[in-house]
Amino acid sequence: MRKIINSTYVTLDGVIQNPQDWPSTGGFGEKGNDIQLKLLENSDAVLMGRHTYDSFAAVWPGLAGIPIGDRMNALPKYVVSTTLTDPAWNNTTVIDRDPIDTIAELKQKPGAHIVQYGFGRLAHELMANGLLDELHLWVHPFILGTGTGTSDLLFRSGATATFDLVDTVRVDSGIVLLTYRTRPAERAV
């Protein structure tokens, strides 16, 4: 069975919204960029909610010509939305009803991993329904102090899950990638 791997940027105070507006840390460097590209190379689909889709669709097509941009633009993309009707980004399929059943079916099909970006309502639903297998948190070394409400923060009321830490990587800018696997339900406490 395919794995669904969530990859999310987060600040030390849990903010996940608008990373394009965050202070610069100097980027991911070669090591971080290689990790990002490897994740896409080991995946054959991208899954996202509408908010993430809108921000990605505005940027990624303009990154054609570089390996990570070419890979992202070539992959099939699935966006969960009841309002998006005519996606402009190539290879995009809209999941407009029964997202959990549709994603569970997608996960059962043969293929490589499915990478899911953003940690909003969709990620919480995946977690609540046992569909999220791995979590990659790119922890940025600063506190924004701007996160309010449920859409700005990683931490919110909702589904619970227990994870096992399987890897940590620090890149030169001080960003730390924490990789967690969802602990099977029979081991969760």
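Student: Why does Glu134 count as buried or exposed, whichever it is?

Tutor: Good place to start, and keep in mind that this is a predicted model. Glu134 has a relative accessibility of 6%. Buried means under 20%, so Glu134 counts as buried.

Student: What makes the contact of Glu134 with Lys3 a salt bridge?

Tutor: Set the distance against the cut-off. The side chains of Glu134 and Lys3 meet at 3.0 Å, N to O. The rule asks for a side-chain nitrogen of Lys or Arg within 4 Å of a carboxyl oxygen of Asp or Glu, so this pair is a salt bridge. As for the background, side chains of opposite charge can pair when their charged atoms come close.

Student: Which parts of the chain does the pair of Glu134 and Lys3 tie together?

Tutor: Glu134 lies in strand 6 and Lys3 in the segment before strand 1 (4-11), so the pair ties together parts that are 131 residues apart in sequence.

Student: Why is Lys3 called partly exposed?

Tutor: Its relative accessible area is 23%. Partly exposed covers what lies between under 20% for buried and over 50% for exposed, so Lys3 belongs there.

Student: How do you know that Glu134 forms a salt bridge with Arg181?

Tutor: The closest N and O atoms of Glu134 and Arg181 are 3.0 Å apart. That is within the 4 Å of the rule, so the pair counts. Glu134 in strand 6 and Arg181 in strand 8 are 47 residues apart, and the pair links these distant parts of the chain. Arg181 has a relative accessible area of 40%, so Arg181 is partly exposed.

Student: Which residues are linked in a network of salt bridges?

Tutor: Lys3, Glu134 and Arg181 are linked in this way. Glu134 pairs with Lys3 and with Arg181, so Glu134 takes part in both bridges described here.

Student: What makes Arg183 and Asp164 a salt bridge?

Tutor: Their closest N and O atoms are 2.6 Å apart, and the limit is 4 Å, so the pair qualifies. Arg183 is in the segment after strand 8 and Asp164 in strand 7, 19 residues apart, and the pair links these distant parts of the chain. At 24% relative accessibility, Arg183 counts as partly exposed.

Student: How many salt bridges does the rule give?

Tutor: The count comes to 6.

Student: Let us turn to the strands. Why does Thr179 count as buried or partly exposed, and what about Thr182?

Tutor: Thr179 is in strand 8, and so is Thr182. Thr179 has a relative accessibility of 8%, under the 20% cut-off, so Thr179 is buried. Thr182 has 28%, which is not under 20% and not over 50%, so Thr182 is partly exposed.

Student: And where is His113, and why is His113 called partly exposed?

Tutor: His113 is found in strand 5 (residues 113-117). Its relative accessibility is 23%, between the 20% and 50% cut-offs, so His113 counts as partly exposed. His113 and Glu134 are 21 residues apart in sequence and 10 Å apart in space, C-alpha to C-alpha.

Student: What makes Val59, Leu63 and Ile66 a nonpolar surface patch?

Tutor: Val59, Leu63 and Ile66 make a patch of about 220 Å². A patch residue needs over 30% relative accessible area. Val59, in helix 2 (residues 50-59), has 47%, so Val59 passes that cut-off while still being partly exposed.

Student: What is unusual about phi in Asn18 and Asp98?

Tutor: Most residues other than glycine have a negative phi. Asn18 has a positive phi of about 55° although it is not a glycine, and phi of Asp98 is near 45°, also a positive value. Asn18 lies in the loop between strand 1 and helix 1, and Asp98 in the loop between strand 4 (92-95) and helix 4 (99-108). At 35% relative accessibility, Asn18 counts as partly exposed.

Student: What lines the second largest pocket?

Tutor: About 290 Å³ of space lies in this pocket. Of its 14 lining residues, the closest to the centre are Ile35, Lys38, Leu39, Asn42 and His136. Helix 1 (29-41), strand 6 (134-140), strand 7 (163-170) and strand 8 (176-182) each supply at least two lining residues. The lining divides into 6 nonpolar, 4 polar and 4 charged residues.

How values were computed
Residues numbered from 1 in each chain as written. Predicted model: local features only at pLDDT ≥ 70, side-chain atom pairs only at ≥ 80, totals over all residues. Heavy atoms only, no water. 1 Å grid on protein atoms, 1.4 Å probe; cavity = no way out; pocket = protein on both sides within 12 Å on 5 of 7 lines; lining within 4 Å. Points joined across faces, edges and corners; volume = space filled by probe spheres on them. Helix = DSSP H or I, 4+ residues; strand = E, 2+ residues; numbered from the N terminus. Nonpolar A, V, L, I, M, F, W, Y, C, P; charged D, E, K, R; others polar. Patch = residues over 30% accessible without salt bridge, like charges linked within 9 Å, V, L, I, M, F, W, Y side chains within 5 Å. Areas by Shrake-Rupley, 256 points an atom, 1.4 Å probe, with all protein chains shown as cover. Buried < 20%, exposed > 50% of the residue type's maximum accessible area, 1.4 Å probe, protein only.
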